[in-house]
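Let's walk through this model together, starting from an enclosed space and working outward to the helices around it. Keep the viewer open as you read.

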Amino acid sequence: MSTARERARAALTAEILESARGQLATVGAAALSLRAVARDLGLASSALYRYFPSRDELLTALIIEGYDALGAAAESADVPTAQPRTRWHAICAAVRAWALAHPHEYALLYGSPVPGYAAPQDTVAAAGRVGAALGRVLGDAARAGVLPPAEHRRTALVTPAAAEVLGGEHPALDDAVRARALLTWSSLYGLISFELFGHFAGVVADPEAFFTEQVGELADLLGL
């Protein structure tokens with residue numbers, strides 16, 4: 001059971017992160033300031049530093065929180081008993097919906113890099129949750145015999161660690177299939193980013209219909 005001090009610390013940490021998310025919306029990640037967060041919460045800067053000793057640590061916390069929220073949305077949309085193509089569409093739609101509902105958090109994850117900041121290894125596991133959800137669909141499709149036979153080509157384009165995420169080991173999954181899976185994963189973010197950052201303005205008549213159509217094309221590319 002947590003102590004009163006632990007609960008108070010958790011509550012203040014949540015308030016700090018909430019204030020920092022507000023800064024993402026108003027001034028952007030590059031201008032995120034611990035001092036501004038402290039002023040917003042009526043705290044001395046020295047008190048805030050006990051929770052986040054630097055701006056970079058606060059950014060890392062926001063990034064992990066964002067990746068985890070996005071990953072949770074993708075995982076919640078997946079119904080393992082459904083057909084692989086249906087699961088694929090549901091996960092992709094959930095990722096888009098989260099991005100549209102949280103544009104500033106999405107921009108922190110997939111927008112312009114923050115000058116002077118390098119994301120640490122701590123962010124990797126959270127960043128891979130969407131890819132892992134899509135990879136489970138691919139792996140389950142392979143084990144269900146849904147995918148076309150693999151050509152068993154060695155391309156050396158995907159690392160062993162990525163191969164484990166993108167469906168795992170199965171005769172229907174060779175390096176070429178995994179490379180296409182990585183292409184579809186990155187293309188999903190490209191579609192969302194173009195829509196969210198206004199690059200489809202005046203080009204795409206119906207963003208949701210266009211997204212759904214292209215997600216289907218990506219599923220075709222994988223053989224789902």
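Which helices each supply at least two residues of the lining of the largest cavity? They are α8 and α10. Bear in mind as we go that this is a predicted model.

Let's look at the cavity itself. Rolling a probe the size of a water molecule over the atoms shows where empty space is left. Here the count comes to one cavity of 30 Å³ or more, and about 50 Å³ of space lies in the largest cavity. Its lining is made up of W88, G131, L134, G135, L138, L166, A181, T184, W185 and L222. Sorted by character, these lining residues are seven nonpolar, three polar and no charged. The largest share, four residues, comes from α8.

That makes α8 a good helix to follow next. It runs over residues 129-143, 15 residues in total. From its first C-alpha to its last, α8 reaches 21 Å, close to the 21 Å expected at 1.5 Å a residue. Its buried residues are V130, G131, A133, L134, G135, V137, L138, G139, A141 and A142. A general point about helices helps in reading such a list: an α-helix has 3.6 residues a turn, so residues three or four places apart point the same way. What covers the buried residues of α8 includes α4 (55-77), α5 (84-101), α9 (160-165), α10 (175-196) and α11 (207-222). After the helix comes G145, and its phi is positive, near 75 degrees.

From α8 we can step across to α5, one of the helices that cover its buried residues. With 18 residues, α5 reaches 26 Å between its first and last C-alpha, close to the 26 Å expected at 1.5 Å a residue. Buried along α5 are P84, R87, W88, I91, C92, A94, V95, R96, W98 and A99. W88 in this list also appears in the lining of the largest cavity. The partners that the buried residues of α5 pack against are α4, α6 (103-110), α8, α10 and α11.

Let's finish beside α10, in the loop between α9 and α10, where D174 has its place. Is D174 buried or exposed? D174 counts as buried because its relative accessibility is 5%, and buried means under 20%. A polar atom of the D174 side chain lies 3.2 Å from the backbone nitrogen of A176.

Note on methods: Residues numbered from 1 in each chain as written. Predicted model: local features only at pLDDT ≥ 70, side-chain atom pairs only at ≥ 80, totals over all residues. Heavy atoms only, no water. Expected span 1.5 Å × (residues − 1). Buried < 20%, exposed > 50% of the residue type's maximum accessible area, 1.4 Å probe, protein only. Contact = heavy atoms within 4.5 Å. 1 Å grid on protein atoms, 1.4 Å probe; cavity = no way out; pocket = protein on both sides within 12 Å on 5 of 7 lines; lining within 4 Å. Points joined across faces, edges and corners; volume = space filled by probe spheres on them. Nonpolar A, V, L, I, M, F, W, Y, C, P; charged D, E, K, R; others polar. Polar contact = N/O pair within 3.5 Å; in protein donor to acceptor, adjacent residues only side chain to side chain.
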